[in-house]
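Trainee: I should like to examine how each term applied to this chain is justified. May we take the assignments in turn?

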Amino acid sequence: MRRRSRAGRKSPNAQAPKTAARKSRIAGKAVHRRGSSAAREETKIARLTRERDEALEREKAAAEVLHVISSSPGQLEPIFQAMLENATRL
């Protein structure tokens with residue numbers, strides 16, 4: 001860090017514009033962050049929607065397999081067929 005010479009020393013009020021410029025840059029960054037925050041929220045909503053839809057599909061597949069199990073006691077072929085169809089679909 002360079003030392004300033006004392007001969008060209010300025011008054012303490014001379015630094016006020018520098019502080020104001022710094023504040024304006026900080027305010028500009030805050031606006032930028034708001035935009036990226038909205039984008040992050042949209043990404044998060046899209047991810048949660050996709051996860052919800054995938055979970056619903058798994059629930060439907062499990063319900064279908066349980067229905068086949070309850071409707072055909074002692075027969076394994078329809079149960080395995082339903083499981084295979086659901087596994088390939090998911």
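Trainee: How much area does the chain expose, and what share do carbon and sulfur atoms supply?

Mentor: In this predicted model, the exposed area of the chain is about 8,400 Å². Carbon and sulfur atoms supply 57% of that area. Buried residues amount to 8% of the 90 residues, and the secondary structure consists of two helices and zero strands.

Trainee: What makes Ser72 a buried residue?

Mentor: Buried means under 20% relative accessible area. Ser72 has 8% relative accessibility, and therefore counts as buried. Ser72 is located in the loop between helix 1 and helix 2.

Trainee: Which residues does Ser72 contact, leaving aside its neighbours within four places in sequence?

Mentor: Ser72 is in contact with Pro78 and Ile79. In addition, a polar atom of the Ser72 side chain lies 2.7 Å from the backbone oxygen of Val68.

Trainee: Why is that Ser72–Val68 pair of atoms within the distance limit for a polar contact?

Mentor: The limit is 3.5 Å. The separation is 2.7 Å, so the pair satisfies the distance criterion.

Trainee: Is Asn86 buried or exposed, and how do you know?

Mentor: The relative accessible area of Asn86 is 4%. The cut-off for buried is under 20%, so Asn86 is buried. Asn86 belongs to helix 2, and, not counting residues up to four places away in sequence, Asn86 touches Ala61, Glu64 and Val65.

Trainee: Why is the pair Arg52 and Asp53 called a salt bridge?

Mentor: The criterion is a side-chain nitrogen of Lys or Arg within 4 Å of a carboxyl oxygen of Asp or Glu. For Arg52 and Asp53 the N to O distance is 3.0 Å, so the pair qualifies. The structure holds five salt bridges.

Trainee: What class of accessibility does each partner fall into?

Mentor: Exposed means over 50%, and Arg52, with 54%, is therefore exposed. Asp53, at 35%, lies between the limits of 20% and 50% and so counts as partly exposed.

Trainee: How do you know that Glu57 forms a salt bridge with Lys60?

Mentor: The closest N and O atoms of Glu57 and Lys60 are 3.9 Å apart, which is within 4 Å, so the term applies. Both residues lie in helix 1 (residues 16–71), three residues apart, about one turn of the helix. Glu57 has a relative accessible area of 31% and is partly exposed, while Lys60, at 47%, is also partly exposed.

Trainee: What links Glu57 to helix 2?

Mentor: Arg89 forms a salt bridge with Glu57, with the closest N and O atoms 3.9 Å apart. Since Arg89 lies in helix 2 and Glu57 in helix 1, the pair ties together parts that are 32 residues apart in sequence. Arg89 is partly exposed, at 45% relative accessibility.

Trainee: Which residues are joined into one network, and what makes it a network?

Mentor: Glu57, Lys60, Glu64 and Arg89 are joined into one network by salt bridges that share partners.

Trainee: Which residues form the nonpolar patch, and what makes Met83 eligible for it?

Mentor: The patch on the surface is formed by Leu76, Phe80 and Met83, with about 310 Å² of accessible area together. A patch residue needs over 30% relative accessible area; Met83 has 39%, so Met83 passes this cut-off. The 39% also makes Met83 partly exposed. Met83 is found in helix 2 (residues 77–89).

Trainee: Where does Glu54 lie, and how far is it from Leu90?

Mentor: Glu54 lies in helix 1. Glu54 and Leu90 are 36 residues apart in sequence, and their C-alpha atoms are 8.4 Å apart in space. At 39%, the relative accessible area of Glu54 falls between 20% and 50%, so Glu54 is partly exposed.

Technical notes. Residues are numbered from 1 along each chain as its sequence is written. This is a predicted model: local features need pLDDT of at least 70, side-chain atom pairs count only at pLDDT 80 or more; totals for chains, interfaces and linings use all residues. Side-chain values use heavy atoms; hydrogens and water are left out. Helices (H or I, at least four residues) and strands (E, at least two) are DSSP runs, numbered from the N terminus. Buried means under 20% relative accessible area, exposed over 50%, partly exposed in between (1.4 Å probe, protein chains only). Accessible areas come from the Shrake-Rupley method with a 1.4 Å probe; for residues, only the protein chains shown count as cover. Patches are made of residues with over 30% relative accessible area and no salt bridge: like charges are joined within 9 Å, nonpolar side chains (Val, Leu, Ile, Met, Phe, Trp, Tyr) within 5 Å. A polar contact is a pair of N or O atoms within 3.5 Å; within protein, one must be able to donate a hydrogen and the other to accept it, and residues adjacent in sequence count only if both atoms are side-chain atoms. Contact means heavy atoms within 4.5 Å.
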